Amino acid sequence: MSRVLVLYAHSAPQASRVNRQMVAAARSLPNVTVNELYELYPDFVIDVAREQALLAEADLIVMQHPIQWYGMPSLQKEWLDQVLEHGWAYGKNGNMLKGKRFLLAITTGGGAGAYSAQGEHGYPLAAFLPPYRQTAVLCKMQWLEPLVMHGARQADEAAVAAHVDAYRRMLEGMPPSAPFHP
Ligand SMILES: Cc1cc2nc3c(=O)[nH]c(=O)nc-3n(C[C@H](O)[C@H](O)[C@H](O)COP(=O)(O)O)c2cc1C
């Protein structure tokens, strides 16, 4: 079974609806380590050596968070700035992440229809994701199709449960139980 590291960044985890259930499912799996960044680093001072050691052990690296202002929460960005060092994560001799798989698991407040040229957010969600993808590629990781839950505050319970189940199965390395269209 793959060793999975989940980088979980939610600035208000008690108020979360979907991410809270996703992370609970992740924590229940023996092959998964959940690294809850806002709990570990409330002062934004990141233990780079610890984070690099966790990354080195993982086969699958997951970034899980709600989309905020069309990107990642600020602590997740600070984590990238500090942890993915030149000569370690990228660059000619930076091969520590090479060949690992990378999964982005995000939720949005906006519904799927809001992410379109005619919608409130003006672009498809995919238009906001190239910096994530290129970060993974620069670090020589394998980019997986992101797992997305749109309209996370309004989605009905069955949709949330199906999403959490799909996430659990991905972390376990299982195929989806049914076709899944986020
Ligand atoms: C500061 C902030 C910025 C946000 N920006 C966006 C955004 O750019 N696009 C969007 O669709 N939702 C945005 N949201 C909504 C969150 O993505 C949404 O509340 C979250 O995905 C719900 O998941 P949760 O129940 O696990 O917290 C934002 C929320 C906050 C607090």
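This passage looks at the ligand site of a predicted model, then at the annotated domain and the enclosed cavities. Since the model is predicted, local features need pLDDT of at least 70 and side-chain atom pairs count only at pLDDT 80 or more, while totals for chains, interfaces and linings use all residues. Residues are numbered from 1 along each chain as its sequence is written, and side-chain values use heavy atoms, with hydrogens and water left out.

The ligand is a good place to start. It is surrounded by 17 residues, where a residue counts as near if one of its heavy atoms lies within 4 Å. The closest are His10, Ser16, Arg17, Thr107 and Tyr115. By class, this shell holds seven nonpolar, eight polar and two charged residues. In that sorting, Ala, Val, Leu, Ile, Met, Phe, Trp, Tyr, Cys and Pro are nonpolar, Asp, Glu, Lys and Arg are charged, and the others, Gly among them, are polar.

Oxygen atoms of the ligand turn up in several polar contacts (pairs of N or O atoms within 3.5 Å). One such pair, at 2.6 Å, involves an N or O atom in the side chain of Ser16. For the side chain of Asn19 the distance is 2.8 Å, and a polar backbone atom of Tyr70 sits 2.9 Å from a ligand oxygen. Taken alone the ligand exposes 640 Å², and the protein buries 75% of that; the areas come from the Shrake-Rupley method with a 1.4 Å probe.

An unreviewed UniProt entry annotates residues 3-169 as "domain: Flavodoxin-like fold"; such annotations may be inferred rather than shown by experiment. This span is 34% helix and 17% strand, and its end C-alpha atoms lie 14 Å apart. Helices (at least four residues) and strands (at least two) are DSSP runs, numbered from the N terminus.

The structure also holds two cavities of 30 Å³ or more. A cavity is a set of points, on a 1 Å grid over the protein atoms alone, where a 1.4 Å probe fits but cannot get out; lining residues have an atom within 4 Å of a point. Volume is the space filled by probe spheres set on the points, which are joined across faces, edges and corners.

The largest cavity has a volume of about 50 Å³. Its lining includes Leu7, Trp79 and Met141, and counts ten nonpolar, one polar and no charged residues. Strand E3 (60-66) and helix H4 (74-83) each supply at least two of them. The second largest cavity, about 30 Å³, is lined by Met63, Met72, Leu80, Phe102, Tyr132, Thr135 and Ala136. Helix H5 (residues 130-138) gives the most here, with three residues.

Definitions and conventions: A polar contact is a pair of N or O atoms within 3.5 Å; within protein, one must be able to donate a hydrogen and the other to accept it, and residues adjacent in sequence count only if both atoms are side-chain atoms. On a 1 Å grid over the protein atoms alone, a cavity is a set of points where a 1.4 Å probe fits but cannot get out, and a pocket is an open set with protein on both sides within 12 Å along at least five of seven lines; lining residues have an atom within 4 Å of a point.
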